[in-house]
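Ready for some practice in reading a protein model? Work through the exercises below, each with a step-by-step solution.

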Amino acid sequence: MSNHFDDSDAESDIFSMRSAPSSATSYDVSMRSGSPAPSVYSVTSSLRAASYRQEYGRGLNNYSEVYRLPADDEELDRLDKQHGMFRKVMGPYPPPMAEVMADDTPGETKAVLDLGCGSGSWIMEAARDFPHCQAVAVDLVPMQSIDMPPNCRSEVDDINIGLQHFYGDFNVVHARLVSSGIRDYPSLIDHISQCLRPGGLMELVEFDFRVYDKDHKPFFLPTGVMQPPWFPRWMSFLNMAVRQRGGSPDAANMLHNWTLQHPAFEDVVYEEYFIPTAPFMSHREPNYHFIRSISETFREDIQAFLRSGRPLLLGNGLPEPLVDELQNNAHVELKEARTVSYIRVEQVYARKKP
């Protein structure tokens with residue numbers, strides 16, 4: 001087996017704390033129904049044109065009023081680079097992935113589903129790494145890569161509507177950083193459980209729209225005061241905007257409990273990663289070069305995210321001068337690495353009971 005799937009690809013222990021596996025009780029659903037709405041389409045040029053609308057200088061999806069981050073080329077480029085960073089921090093896949101996706105079941109074609117696929121980096125990588133599988137990418141806009149593997153397809157769908165048309169079809173279901181567009185995250189987990197085949201693998205990765213201080217405690221900043229630290233303050237406004245749109249900014253903090261409590265899952269593993277927002281660390285720190293490289297990449301990601309958040313903040317009624325002040329000051333603060341701060345990324349993976 002290629003070491004591409006080995007945990008040695010990542011230096012995740014630098015950033016993470018890992019929990020022991022946990023079990024739950026029995027649950028079995030073999031039901032399958034048709035699509036709950038005519039919301040799945042093939043990718044055509046007319047669909048691409050209909051999928052976007054321009055707001056505040058950015059291209060946003062045209063289907064969901066909950067998810068209001070961009071889906072344009074600038075955002076897809078950001079997500080591509082972000083995927084590379086996450087891969088270095090967390091590894092390419094959860095440890096059970098290779099076993100679950102092994103081509104060892106006569107008469108069964110292994111299948112993997114990526115919900116909210118973004119740029120498609122993760123799902124296309126999975127399609128190439130497991131060429132015997134069928135890979136399905138779902139998002140509010142069609143994937144636009146010219147390098148899509150032949151065993152990968154793109155579908156346009158609002159996963160808030162439901163996933164009944166996928167029940168029982170997949171060995172792996174993956175979702176990363178989708179919480180700002182999800183109205184009911186426990187319901188999503190339930191749908192995922194029913195999309196999975198017995199023994200299948202679910203992986204969820206989210207962050208909680210908060211910024212953490214040097215002690216890994218969240219900054220709690222009133223939005224009525226305009227003073228440093230600026231990036232945590234900008235994030236407070238974004239958290240509020242996501243909440244007001246109907247998204248689930250706190251989902252990351254609940255993933256572990258929701259999965260533990262769901263009767264379909266066993267072997268539940270939780271990890272959290274505190275990723276530095278800028279290269280503020282001393283060169284005497286252990287693993288300095290790796291951590292500095294990650295923090296520089298993440299700073300670039302966050303500075304692009306400051307631009308991505310503008311349509312959401314402005315669309316929620318914040319005055320443009322206020323958004324400009326927050327964004328510009330946060331950008332300078334990150335550039336100068338003046339504030340020791342972290343983003344907390346939480347990961348849960350679990351197996352569906354046989």
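Helices here are DSSP runs of H or I with at least four residues, numbered from the N terminus. One more thing before we start: this is a predicted model.

**Exercise 1. Find where Ser-51 lies, and decide whether Ser-51 is buried or exposed.**

Step 1: Look for the element. Ser-51 belongs to helix H1, which covers residues 45-51.

Step 2: Check the accessibility. Buried means under 20% relative accessible area. Ser-51 has 0% relative accessibility, so Ser-51 counts as buried.

Step 3: Look at the surroundings. Leaving aside residues up to four places away in sequence, Ser-51 touches Leu-60, Asn-61, Asn-62, Tyr-63, Val-141 and Pro-142. Take Tyr-63 from that list: Ser-51 and Tyr-63 are twelve residues apart in sequence, with 7.1 Å from C-alpha to C-alpha.

**Exercise 2. Work out how helices H8 and H10 are arranged, and which residues meet.**

Step 1: Start with the general idea. To describe two packed helices, you give the angle between their axes and the distance between the axes.

Step 2: Apply that here. The axes of H8 (residues 288-308) and H10 (residues 320-336) come within 10 Å and cross at roughly 175°. Angles over 145 degrees count as roughly antiparallel, so H8 is roughly antiparallel to H10.

Step 3: List the contacts. On the H8 side you'll find Arg-299, Ile-302, Gln-303, Leu-306 and Arg-307, and they meet Gln-327, Ala-330, His-331, Leu-334 and Lys-335 of H10.

Step 4: Sort them by type. The contact residues split into four nonpolar, three polar and three charged.

**Exercise 3. Trace the salt bridges of Glu-55, Arg-245 and Glu-300.**

Step 1: Get the total. There are 26 salt bridges in the structure.

Step 2: Take Glu-55. Its side chain meets that of Arg-68 in a salt bridge, 3.1 Å from N to O. Glu-55 sits in strand S2 (residues 52-55), while Arg-68 is in the loop between strand S3 (58-61) and helix H2 (73-90), 13 residues apart. Both Glu-55 and Arg-68 are buried.

Step 3: Move to Arg-245. This residue forms a salt bridge with Glu-65, and the closest N and O atoms are 3.5 Å apart. Arg-245 is in helix H6 (residues 230-245) and Glu-65 in the loop between S3 and H2, 180 residues apart. Arg-245 counts as partly exposed at 21% relative accessibility, and Glu-65 is partly exposed at 41%.

Step 4: Now Glu-300. Its partner is Lys-81, with 3.2 Å between the closest N and O atoms. This pair links helix H8 and helix H2, 219 residues apart. Glu-300 is partly exposed, at 43% relative accessibility, and Lys-81 is partly exposed at 43%.

Step 5: Look for shared partners. Salt bridges that share partners tie Arg-53, Glu-55, Glu-65, Arg-68 and Arg-245 into one network.

**Exercise 4. Explain why strand S6 and helix H4 count as largely enclosed.**

Step 1: Count in S6. Four of the five residues of S6 (residues 152-156) are buried, so the strand is largely enclosed by the rest of the structure.

Step 2: See what S6 pairs with. Five bridges join S6 to strand S5 (residues 134-139), and the two run parallel. In one of these pairings, Asp-139 has Val-156 in S6 as its bridge partner.

Step 3: Repeat the count for H4. Seven of the nine residues of H4 (residues 121-129) are buried, so H4 is largely enclosed as well. The buried ones are Ser-121, Trp-122, Ile-123, Met-124, Glu-125, Ala-126 and Ala-127.

Notes. Residues are numbered from 1 along each chain as its sequence is written. This is a predicted model: local features need pLDDT of at least 70, side-chain atom pairs count only at pLDDT 80 or more; totals for chains, interfaces and linings use all residues. Side-chain values use heavy atoms; hydrogens and water are left out. Axes are lines fitted to C-alpha atoms, for helices over the stretch in contact, and angles run from 0 to 180 degrees between N-to-C directions. Angles under 35 degrees count as roughly parallel, over 145 as roughly antiparallel, 65 to 115 as roughly perpendicular and the rest as oblique. Contact means heavy atoms within 4.5 Å. Ala, Val, Leu, Ile, Met, Phe, Trp, Tyr, Cys and Pro count as nonpolar, Asp, Glu, Lys and Arg as charged, and the others, Gly among them, as polar. Buried means under 20% relative accessible area, exposed over 50%, partly exposed in between (1.4 Å probe, protein chains only). Two strands pair if DSSP finds at least two bridges between them. A salt bridge is a side-chain nitrogen of Lys or Arg within 4 Å of a carboxyl oxygen of Asp or Glu.
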